[in-house]
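Some labels given to residues and strands rest on simple cut-offs. The turns below ask how a few of them are reached.

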Protein chains: 2
Amino acid sequence: MILNQIDIKNLDKVKRLNLINSVTGFKSANLIGTISKDGKPNLAIFSSVTHLGSDPALLSFNLRPNYENRDTYRNIKETAYFTVNHIHYNIITQAHQTSGKYDLGVNEFTVTGLTEEFLENNRVPFVKESKVKLLCKYVNEYLIKENNCLMLIASIESVILDEDTMREDGFVDLSASQTITVNGIDGYCLPQLVTRLPYVKREKIRPLENLKI
Amino acid sequence: MILNQIDIKNLDKVKRLNLINSVTGFKSANLIGTISKDGKPNLAIFSSVTHLGSDPALLSFNLRPNYENRDTYRNIKETAYFTVNHIHYNIITQAHQTSGKYDLGVNEFTVTGLTEEFLENNRVPFVKESKVKLLCKYVNEYLIKENNCLMLIASIESVILDEDTMREDGFVDLSASQTITVNGIDGYCLPQLVTRLPYVKREKIRPLENLKI
């Protein structure tokens with residue numbers, strides 16, 4: 001089955017949303033916690049949190065157009081800090097509930113029943129139920145002019161996790177913590193670790209062309 | 001267990017790489033196929049392909065510093081086109097093998113035994129074994145000045161998939177096609193669909209402050 005650009009354009013909106021959101025592969029599943037300058041917590045689900053680099057430790061996530069009028073962006077601009085909290089099997093429905101377009105200032109912790117947690121004197125709320133949590137700090141933003149989305153870059157300031165999910169070499173076994181992955185807009189999947197594969201050493205393979213000489 | 005920024009900085013390199021690559025959550029697992037102007041195919045694994053928007057259909061992925069000297073970027077700049085091919089359960093080892101730092105011009109299809117497929121008169125190679133494939137066209141690039149990575153933006157020109165993985169509403173069931181997700185640098189995981197949840201309708205919930213009046 002081949003769908004070209006015209007076929008895709010002609011799909012009804014929901015079908016196109018479901019299709020195009022699915023075809024880049026599985027996505028990360030995180031709750032971003034923020035707080036306004038005057039102390040109102042906020043929580044929102046994001047599937048675009050992506051590793052950007054390890055030294056310095058950086059991540060990115062995308063905000064959709066009209067981000068200026070949403071709590072997550074406004075709070076991050078006010079306070080610089082936010083938290084990234086992994087969604088695991090037991091909190092899928094609560095996490096999904098944060099995707100509702102609530103009025104500005106509504107506290108999704110209250111709406112969903114997830115628990116605010118303040119760690120190490122930080123003002124910004126973590127999700128107590130999450131098993132892997134990051135404290136992040138705003139670094140920069142890039143306006144994606146092609147569709148007016150904003151890519152926000154942040155540094156990872158702290159990592160909080162259950163000790164028994166981290167292996168000797170630093171690998172965090174996300175299957176062990178029942179971390180979820182997102183398929184499309186609304187599909188929640190539970191991954192199981194199949195294998196870890198060894199680093200592929202630099203191999204000096206000559207281009208085939210050279211072998212013919 | 002709490003690791004702050006100094007703890008993270010002081011980890012040995014491999015441990016930091018494993019940790020920071022794991023803590024943003026699961027990642028997409030794709031092979032990017034390209035071809036040089038003079039006809040040399042190339043294939044490379046990427047875990048940063050991310051949905052950017054559905055109308056227009058756009059995706060992004062990240063290239064690490066020194067991208068100017070790697071085949072994927074050079075070929076895309078020469079020809080504008082590339083393919084995104086999902087990695088599924090049966091091709092994990094072959095896909096991982098493309099992560100080796102081969103010399104410029106080496107054809108990873110040959111190295112791995114994956115099969116080049118040319119569809120609809122396109123010059124750029126798809127991976128025949130993949131069950132979800134995208135033809136993409138370069139749109140723009142953003143230099144992430146914080147760590148000299150490049151975010152490349154592309155339009156999705158065609159979607160090629162097995163008809164029986166696509167649901168009535170456009171949702172592509174990636175568990176049904178045994179698509180893999182990446183944990184950290186080298187962990188390959190097989191997700192199973194747990195549930196799809198309904199769209200959360202706009203709910204007019206008053207801020208708690210208002211209720212107290």
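**Reasons behind the labels**

Q: Where does Pro56(A) lie?
A: In this predicted model, Pro56(A) sits in the loop between strand E5 (50–54) and E6 of chain A.

Q: What makes the peptide bond from Asp55(A) to Pro56(A) stand out?
A: That bond is cis, with omega near 5°. In chain B, the bond from Asp55(B) to Pro56(B) is also cis, with omega near 5°. Pro56(B) belongs to the loop between strand E5 (50–54) and strand E6 (57–63) of chain B.

Q: Why is Ala80(A) called partly exposed?
A: Buried means under 20% relative accessible area and exposed means over 50%. Ala80(A) has 23% relative accessibility, so it counts as partly exposed. This residue is in the loop between H3 and strand E7 (81–86) of chain A. Its phi is near 75°, a positive value in a residue other than glycine.

Q: How do you know that Asn148(A) is partly exposed?
A: The relative accessibility of Asn148(A) is 44%. That value is neither under 20% nor over 50%, so Asn148(A) is partly exposed. Asn148(A) is in the loop between strand E10 (132–144) and strand E11 (149–161) of chain A, and its phi, near 60°, is positive although the residue is not glycine.

Q: What makes Arg70(A) eligible for a surface patch?
A: A patch residue needs over 30% relative accessible area and no salt bridge. Arg70(A) has 38%, so it passes the area cut-off, and it is partly exposed. Together with Lys13(A), Arg64(A) and Lys101(A), Arg70(A) forms a positive surface patch. Arg70(A) is found in the loop between strand E6 (57–63) and helix H3 (71–79) of chain A.

Q: Why is strand E4 (residues 41–46) of chain B called mostly covered?
A: 6 of its 6 residues are buried, where buried means under 20% relative accessible area. Pro41(B), Leu43(B) and Ile45(B) are buried on one side, and Asn42(B), Ala44(B) and Phe46(B) on the other.

Q: How do you know that E3(B) and E4(B) pair?
A: Pairing needs at least two bridges. Strand E3 (residues 30–35) of chain B is joined to E4(B) by 6 bridges, so the two are paired, and they run antiparallel. Ile32(B) stands opposite Ala44(B). The two strands form a hairpin with 5 residues between them.

Q: Why do the E2 strands of chains A and B stand at the edges of their sheet?
A: The open sheet has 6 strands in the order E2(A)-E12(A)-E13(A)-E13(B)-E12(B)-E2(B). Each E2 strand has a single partner strand, so one side of each is left without a neighbour in the sheet.

Key. Residues are numbered from 1 along each chain as its sequence is written. Chains are lettered from A and ligands numbered from 1 in the order in which they are written. This is a predicted model: local features need pLDDT of at least 70, side-chain atom pairs count only at pLDDT 80 or more; totals for chains, interfaces and linings use all residues. Side-chain values use heavy atoms; hydrogens and water are left out. Patches are made of residues with over 30% relative accessible area and no salt bridge: like charges are joined within 9 Å, nonpolar side chains (Val, Leu, Ile, Met, Phe, Trp, Tyr) within 5 Å. Accessible areas come from the Shrake-Rupley method with a 1.4 Å probe; for residues, only the protein chains shown count as cover. A salt bridge is a side-chain nitrogen of Lys or Arg within 4 Å of a carboxyl oxygen of Asp or Glu. Lys and Arg count as positive and Asp and Glu as negative; His and the chain ends are not counted. The place of a charge is taken as NZ of Lys, CZ of Arg, CG of Asp or CD of Glu. Helices (H or I, at least four residues) and strands (E, at least two) are DSSP runs, numbered from the N terminus. Buried means under 20% relative accessible area, exposed over 50%, partly exposed in between (1.4 Å probe, protein chains only).
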